[in-house]
Amino acid sequence: MHRFYLPPAECKDDSLLLSGREAHHALQVLRLRQGERVMVLDGAGQELLCEAQPPGPDRVRLTVVQRSLVPPLPYQITLLQAVPKGKIIESIIQKATELGANRIVPILSDRVTAQLDEESAVVRGDKWRLTAVEAIKQCGSAWLPLVETPITPREFLARGETFDLPLIASLQNDRRHPREYFKTFYAEKQRLPGSVCVWVGPEGDFTPAEMSTVKSSGALPITLGRLVLRSETAAIYCLSVFNYELQAKYD
């Protein structure tokens with residue numbers, strides 16, 4: 001079944017309207033016809049089964065047949081991802097969305113090859129959010145992760161956010177397998193962490209100064225195995241391991 005996205009504010013009525021990118025995809029790519037049933041996701045937990053009405057030249061009217069509410073995961077994972085070279089960040093956002101990340105924060109580290117000015121950071125942030133939208137349509141997730149505007153490590157830490165289990169991928173000798181931290185947390189709290197964050201560096205990792213700053217904030221260093229992984233592979237590895245550790249007990 002074809003899937004489309006509309007923000008929550010546009011999903012309140014029983015008659016929905018696809019316009020712009022969504023209408024173009026429905027009309028020009030999928031050749032949607034009257035009477036076809038499609039799924040609309042609002043990114044906030046709603047799945048809306050809809051029936052297509054006679055299409056217009058540049059818009060599609062849908063009638064809601066059934067509404068379903070999908071509960072969120074019982075935990076939240078924030079990916080603090082250093083922006084790598086080229087367009088790799090788009091692939092990372094796509095995979096992170098498919099792996100259930102609640103939030104993705106692009107990090108401007110010292111080893112990012114091209115620093116972004118404020119205007120270009122906003123533009124890229126908008127493009128990356130569209131990548132997440134396309135990812136939930138592909139994988140069928142009812143929840144759209146928050147993709148933030150790029151920010152430096154110090155700017156993020158200045159917010160003073162707290163997490164049950166803050167972690168950072170590390171190549172240093174004091175790192176431990178993430179499973180050890182999950183076991184320790186459970187033994188001490190008698191529950192699983194409700195919020196986990198992980199810092200993933202760029203190619204060549206975070207600088208020693210950045211690593212020290214993040215660890216000083218409470219982030220625990222984790223190993224990703226004996227091999228040195230590319231930045232995008234490291235992000236997928238972390239999210240996969242975290243989902244395994246958390247879902248196994250919740251399920």
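No disulfides turn up here: the structure holds 0 of them, a disulfide being a pair of cysteine sulfur atoms within 2.5 Å. This is a predicted model, in which local features need pLDDT of at least 70 and side-chain atom pairs count only at pLDDT 80 or more, while totals for chains, interfaces and linings use all residues. Residues are numbered from 1 along each chain as its sequence is written, and side-chain values use heavy atoms, with hydrogens and water left out.

Take Cys 50. Its sulfur has the one in Cys 11 as its closest cysteine sulfur, but at 7.8 Å that is too far for a bond. Cys 50 also counts as buried, at 0% relative accessibility (buried means under 20% relative accessible area, exposed over 50%, and partly exposed in between, with a 1.4 Å probe and protein chains only). Cys 238 is also without a bonding partner, because the closest cysteine sulfur, in Cys 197, sits 11 Å from its own, too far for a bond. With 1% relative accessibility, Cys 238 counts as buried.

Next comes the backbone. Most residues other than glycine have a negative phi. Arg 31 goes the other way: its phi is positive, near 55°, and it is not a glycine. Arg 31 lies in the loop between α1 (20-29) and β3 (37-41); helices (H or I, at least four residues) and strands (E, at least two) are DSSP runs, numbered from the N terminus. Arg 31 is exposed, with a relative accessible area of 53%.

Asp 205, not a glycine either, has a positive phi of about 75°. Asp 205 is found in the loop between β10 (195-200) and α6 (208-216). Its relative accessible area is 12%, so Asp 205 is buried.
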